[in-house]
Amino acid sequence: MDVQDLEMTDASQTAEKRLPFVLEKVAELTGHTERAWHVAWNPSPSHPLLASCSSDKTVRLYAYTGTPSSDLPPTFTFATSIPTGHTRTVRAIAWSPSGTSLATASFDSTIGVWERAHGEEDEDEGQESGAAGAGEWECVSTLEGHENECKSVAYSAEGNLLATSGRDKSVWIWEVQPDAEFECITVQMEHSQDVKCVAWHPTEEILASGSYDDTINIYADDPADDWYPLTSLKGHTSTVWCLSFSPCGTYLASGSDDRTIRIWMRAIDRSAGVVVGVGGKERWEPVGLIPNAGERTVYSISWGAGKGGLGWLACTGGDGWIRVWEITHPDLTKPTIATPIAAIPSAHGDADVNVIAWCPRKGFEDVLATAGDDGVASVWKVVPVESSTTSMSL
Amino acid sequence: MEQPQSFNANPRLFTPASDSYRKKQKSRLWALDDHSDESDDEEDTVIDEQEIFDLLRSITDPEHPRTLEELNVISRKQVRVRGNIVDVEFTPTNPGCGMAHVIGLAIVVRLIRSLPPRFKLNISLTQGSHQSAAQVMKQLNDKERVSAAMEVDALMESINTCLATAGRRGSYSE
């Protein structure tokens, strides 16, 4: 399938079309004194927290309350600010799947791992120490090894592995051991330039990385040997800034400075319904292209469960827009279809938007968070046009 | 880091443009150390090609005690403003110039510090002007690389030296 075919089939024109959903701003969380780079939702229902990080070297935590699957949006309260002690920008953050640890990736070349200080951890959140997440957070581990700026950090689905990447062109995988011990189990040097992002497969131990060298690498563990690069995906014509697997794990989306989003599919033997070539020759093939995903660099994408198809793919970037598509793939011999369902310009005023992330919790599939150069973290709810407040006022 | 040898020992000089530079409306003593944030002047400054050029023309070249305008690294016609988008093209003094990225970074830093944040920059090198033009351009337009560079004291020291004269805005009478 060549690029021309991919382009033909994708419904990518967000502009001027009446879209079925609107993005309503639910919260505007201020407090960072410099550019906000990243946000991360705590995935655990017992820790309803949203974290943001910034060039101001702090992490801010916000607690939220809301009823799953409710029409009412969640409400947010500031919980705490972690000064981190990083000496330079905190570029990225990631929660462990259990929700108890938060990892920070800093330009100071280190990774910090944070946990709520002992004694304040009460299961009855909100009883003694105020909102969830409030109180002291302490650095339980500092991972050193990257030569210079760390740019991305991600926990595997099981939480037993942590991946990090940076300007030194490397991808590190660390084993998470008891008592906040981390052991580096592999350093992958497959990229020829900065590694901007790492993303884990939603269920398996498969890692993807995107780079300033315009390529994507996918790695797997050979139980008899070391981690190895499964495949390299080429197609983007500039830096790959962001990656997101589909919730089902069969697809991978990538966003780039070339202003496109590409969608890749794990090759499956259609008659047998199994992954092709497991154990060394697994293939990922290009199956979709959104040619004009933004007017400037696509800095972030997030593929959430959404409410239909293969899920909802949200994107944002240097043009300040938020765009949401529903992804479907009705005919496996043809490209995926990206149907625009919601879009909003100037999501953070004139500022670039650096990150977008769907809330991973059940019943909150229509809630997403963004953060921008204005230092603000915002929360949005995707609302059907007919029930939105904006349409009622028409 | 070891100081590289001069990449262009005898650069060709150009007479500064005769177009009258636009002085700031407010009387203001330009300190040589130009760290002042000018965005508070936004209300009485139109941000157009002339203003952008005035902000950049008196930056000192990292190698020669000359301004970017005198070395013809930048000229008024290499600046374009469309709404909130600012395009700046510059021309290194020779295709092997090892300082191209420093000059570019000085331009970017000057604009980031001077312009209101709503402006988005596109920096380019004149076509055919440099052997690593694509590489230099990619770095300068990567905001993560730029913001990381701006946290490195040693690098910013040399950038600030280049920018110390930027406040002259084309005025050569001291």
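A residue counts as buried when its relative accessible area is under 20%. With that cut-off in mind, this briefing on a predicted model turns to a covered strand of chain A, to an open sheet in chain A, and to a pair of helices in chain B. In strand β3 of chain A, which spans residues 49-54, 6 of the 6 residues are buried, and the strand is thus described as mostly covered.

**Strand β3 of chain A and its neighbours**

- In a regular strand the side chains alternate between the two faces of the sheet.
- In β3(A), L49(A), A51(A) and C53(A) point one way, while L50(A), S52(A) and S54(A) point the other way, and all of these residues are buried.
- One partner of β3(A) is strand β2 of chain A (residues 36-41), with which β3(A) pairs in the antiparallel sense over 5 bridges; in this pairing C53(A) of β3(A) has H38(A) standing opposite.
- Another partner is strand β4 of chain A (residues 59-65), again paired with β3(A) in the antiparallel sense over 5 bridges, and here L49(A) stands opposite A63(A) in β4(A).
- β3(A) and β4(A) form a hairpin with 4 residues between them, and in the turn K57(A) has a positive phi of about 75 degrees.

**An open sheet in chain A**

- In chain A, 4 strands make up an open sheet whose order is β1-β30-β29-β28, and the pairing within this sheet is antiparallel.
- The edges are taken by β1 (21-29) and β28 (353-358) of chain A, and because each has a single partner strand, one side of each is left without a neighbour in the sheet.
- Neighbouring strands of this sheet are turned against each other by 25 degrees on average, direction ignored.
- Strand β29 (residues 367-372) and strand β30 (residues 377-384) of chain A pair in the antiparallel sense over 5 bridges, with V367(A) standing opposite K381(A) in β30(A).

**Two helices of chain B**

- Helix α1 of chain B (residues 49-57) packs against helix α2 of chain B (residues 100-114) at an angle of about 120 degrees, and their axes lie 10 Å apart.
- α1(B) and α2(B) are therefore oblique to each other, and their crossing is right-handed.
- On the side of α1(B) the contact is made by I52(B), L55(B) and L56(B), and on the side of α2(B) by I107(B), R110(B), L111(B) and S114(B).
- Sorted by character, the residues of the contact of α1(B) with α2(B) comprise 5 nonpolar, 1 polar and 1 charged.

Notes. Residues are numbered from 1 along each chain as its sequence is written. Chains are lettered from A and ligands numbered from 1 in the order in which they are written. This is a predicted model: local features need pLDDT of at least 70, side-chain atom pairs count only at pLDDT 80 or more; totals for chains, interfaces and linings use all residues. Side-chain values use heavy atoms; hydrogens and water are left out. Axes are lines fitted to C-alpha atoms, for helices over the stretch in contact, and angles run from 0 to 180 degrees between N-to-C directions. Angles under 35 degrees count as roughly parallel, over 145 as roughly antiparallel, 65 to 115 as roughly perpendicular and the rest as oblique. A crossing is left-handed if the near helix is turned anticlockwise from the far one by less than a right angle, and right-handed if clockwise. Contact means heavy atoms within 4.5 Å. Ala, Val, Leu, Ile, Met, Phe, Trp, Tyr, Cys and Pro count as nonpolar, Asp, Glu, Lys and Arg as charged, and the others, Gly among them, as polar. Buried means under 20% relative accessible area, exposed over 50%, partly exposed in between (1.4 Å probe, protein chains only). Two strands pair if DSSP finds at least two bridges between them.
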